[in-house]
Amino acid sequence: MRAALSILGLVIAFAFVMFLMKKQLVSLKPPAAAASAAASAAQPGGAGALPRPDALRLQLESALQQSAQKASEAMP
């Protein structure tokens, strides 16, 4: 009986963690730099071209800032 309750507790905890992960994943949104890079790639002549290094740098910096902000919000 004790083992069954322990397993049930683990299942409930796992379901709660998965619910929180799904909620966090939905709250993420693509950075504005990525949207502008995608829009410029959709223009004529940009279909096969590589993205510019400065656009990639801006996208990476934006992603790092977002992840740092999310981490600081998660810390009590």
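## Salt bridges, helices and surface

Me: Which residue meets the side chain of Arg 52 in a salt bridge?

Reply: A salt bridge is a side-chain nitrogen of Lys or Arg within 4 Å of a carboxyl oxygen of Asp or Glu. In this predicted model, the N to O distance from Arg 52 is 3.2 Å. The partner is Asp 54.

Me: At what pLDDT do side-chain atom pairs count?

Reply: pLDDT is the predictor's confidence in each residue, from 0 to 100. Residues are numbered from 1 along each chain as its sequence is written, and side-chain values use heavy atoms, without hydrogens and water. Totals for chains, interfaces and linings use all residues, local features need pLDDT of at least 70, and side-chain atom pairs count only at pLDDT 80 or more.

Me: Is Asp 54 exposed or partly exposed?

Reply: Buried means under 20% relative accessible area, exposed over 50%, partly exposed in between (1.4 Å probe, protein chains only). Arg 52 has 56%, so it counts as exposed. Asp 54 has 33%, so it counts as partly exposed.

Me: Which residue forms a salt bridge with Glu 61?

Reply: The count of salt bridges comes to 2. In the one with Glu 61, the closest N and O atoms are 3.4 Å apart. Glu 61 is partly exposed at 35%. The partner is Arg 57.

Me: Why are Glu 61 and Arg 57 separated by about one helical turn?

Reply: An α-helix has 3.6 residues a turn, so residues three or four places apart point the same way. Both residues lie in helix α3 (residues 53-74). They are about one turn apart because their separation is 4 residues.

Me: How many helices does the protein have?

Reply: Helices (H or I, at least four residues) and strands (E, at least two) are DSSP runs, numbered from the N terminus. The order is α-α-α. Strands number 0 and helices 3.

Me: Which helix has the lowest mean pLDDT?

Reply: The protein averages 79, and 68% of the residues score at least 70. Helix α1 has the highest mean, 92. The lowest, 56, belongs to α2.

Me: How many residues of α1 are buried?

Reply: α1 has 26 residues and reaches 38 Å from first to last C-alpha, close to the 38 Å expected. That expectation is 1.5 Å times one less than the number of residues. The helix lies largely in the open, because the number buried is 0.

Me: What accessible area does the nonpolar surface patch have?

Reply: Patches join residues with over 30% relative accessible area and no salt bridge: like charges within 9 Å, nonpolar side chains (Val, Leu, Ile, Met, Phe, Trp, Tyr) within 5 Å. Areas come from the Shrake-Rupley method with a 1.4 Å probe; for residues, only the protein chains shown count as cover. One member is Phe 19, exposed at 51%. Together the patch residues have about 730 Å².
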